[in-house]
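Thanks for making the time this morning. I would like to walk you through one model, starting with its sheet and then moving outwards to the charged pairs, the helices and a pocket.

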Amino acid sequence: MKGHTYVMGILNVTPDSFSDGGNYLEADKALYRVEQMIGEGMDILDIGGESTRPGYTAVSDEEEMSRVLPIIEKVKSRFDIPISLDSYKAEVARAGVQAGIDMINDISGLKADTKLAEVIAESSLPCCLMHNRAEAVYGNYVEELLWDLEATLDIAHKAGVQDDKIILDPGVGFGKTYENNLEIIDRLEMLHSLGYPILLGASRKSVIGIALDLPVEERMEGTIVTSVYAVLKGASFVRVHDVKENVRAIRMAETIRDGYKK
């Protein structure tokens, strides 16, 4: 499957995210980073107010909203960039819709908050629904991953979410072993059988750290490789921290794939 791969830039307004925790808690720093990523070629901004790294501490709806809503409103007032809200909570998503978000990014695949699917359906906004499991225990890994995503799709459809509003994310780093993570990146095209656009979010994650034996701040090159895989496997989006470098890598990969053809 061929098409352009769009870049979603990450902005975590959290004190404890695994890669950039605490960097953008202040509004001025957050807005500067947004402006920077727009200049680097970002297509959509993903704002998150709760870290979901392994062993994370959940925060209340009120705390999460106090972190994300002011930033959403400030970004909306200053920049012309679509905003995705990274949250699995219905009330946070509802407040985000009122603040003007353009998309909802749910790491739970609609399984953490039973009301979130209804909020998405009512808003008519696009959503990215991610595969996740409490434990990395599988019989047939890829087959079960597809089954889990089908269960997510069933929840979405029953709530009234339209097919053309759904993006699927295989959930690299969530409920998967190191080998599971490598396999789903390598076999990403398997998700096309479900018939929806695919987002790959592998930026700076532990699968890269383990493979290259590198700390989180030195995983940019490894992330770029996953973005090139996303292009070659027909993914429509990548979610990354390092926008400029990944935009360039995607452009080069697409040029090699398409540029010489008449």
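Let me begin with a term: two strands are said to pair if DSSP finds at least two bridges between them. Helices (H or I, at least four residues) and strands (E, at least two) are themselves DSSP runs, and they are numbered from the N terminus. What you see is a predicted model, in which local features need pLDDT of at least 70 and side-chain atom pairs count only at pLDDT 80 or more, while totals for chains, interfaces and linings use all residues. Residues are numbered from 1 along each chain as its sequence is written, and side-chain values use heavy atoms, with hydrogens and water left out.

Now to the sheet. It is an open one of eight strands, with parallel pairing, in the order E6-E5-E4-E3-E2-E1-E8-E7. At its edges are strand E6 (166-169) and strand E7 (199-200), each of which pairs on one side only. Strand E5 (residues 127-130) runs parallel to E6 and is joined to E6 by four bridges, with Cys 127 standing opposite Ile 166 of E6.

Let me stay for a while with strand E2. How many of the residues of E2 are buried? Five of the five residues of E2 (residues 44-48) are, so the strand is largely enclosed by the rest of the structure; buried here means under 20% relative accessible area, exposed means over 50%, and partly exposed is in between, with a 1.4 Å probe and protein chains only. Ile 44, Asp 46 and Gly 48 point one way from E2, whereas Leu 45 and Ile 47 point the other way. On one hand, E2 pairs with strand E1 (residues 6-12) in the parallel sense over five bridges, and there Asp 46 is the bridge partner of Ile 10. On the other hand, E2 runs parallel to E3 with four bridges between them, and in E3 the partner of Asp 46 is Ser 84.

Asp 46 also brings us to the charged side chains. Side chains of opposite charge can pair when their charged atoms come close. A salt bridge, for our purposes, is a side-chain nitrogen of Lys or Arg within 4 Å of a carboxyl oxygen of Asp or Glu, and a search of the whole structure finds 16 of them. Asp 46, Asp 86 and Arg 239 are linked in a network of such bridges. Within that network, the side chains of Arg 239 and Asp 86 meet at 3.3 Å, N to O. Because Arg 239 lies in strand E8 (residues 237-240) and Asp 86 in strand E3 (residues 83-86), the pair ties together parts that are 153 residues apart in sequence. Both Arg 239 and Asp 86 are buried.

For a second example, consider Asp 154 and Lys 158, whose side chains form a salt bridge of 3.1 Å, N to O. These two are four residues apart in helix H5 (residues 141-159), and so are separated by about one helical turn. Asp 154 counts as partly exposed, at 37% relative accessibility, and Lys 158 as exposed, at 68%.

Next, an arginine in helix H2. Arg 67 is found in that helix and is buried, with a relative accessible area of 17%. Its side chain reaches the backbone oxygen of Gly 49 at 2.8 Å. The side chains of Arg 67 and Glu 63 are joined by a polar contact of 3.0 Å, which is to say a pair of N or O atoms within 3.5 Å; within protein, one must be able to donate a hydrogen and the other to accept it, and residues adjacent in sequence count only if both atoms are side-chain atoms. Glu 62, by contrast, which is also placed in H2 (residues 61-78), is exposed, with a relative accessible area of 56%.

Helix H3 (residues 90-99) has among its buried residues Ala 90, Val 92 and Ala 93. Just after H3, Gly 100 takes a positive phi of about 110°.Finally, the pocket. Where does the lining of the second largest pocket come from? Among its lining residues are Leu 182, Val 207 and Tyr 229, and the elements that give two or more residues to the lining are helix H6 (178-186), helix H7 (206-212) and helix H8 (220-232). A pocket, on a 1 Å grid over the protein atoms alone, is an open set of points where a 1.4 Å probe fits, with protein on both sides within 12 Å along at least five of seven lines, and lining residues have an atom within 4 Å of a point.
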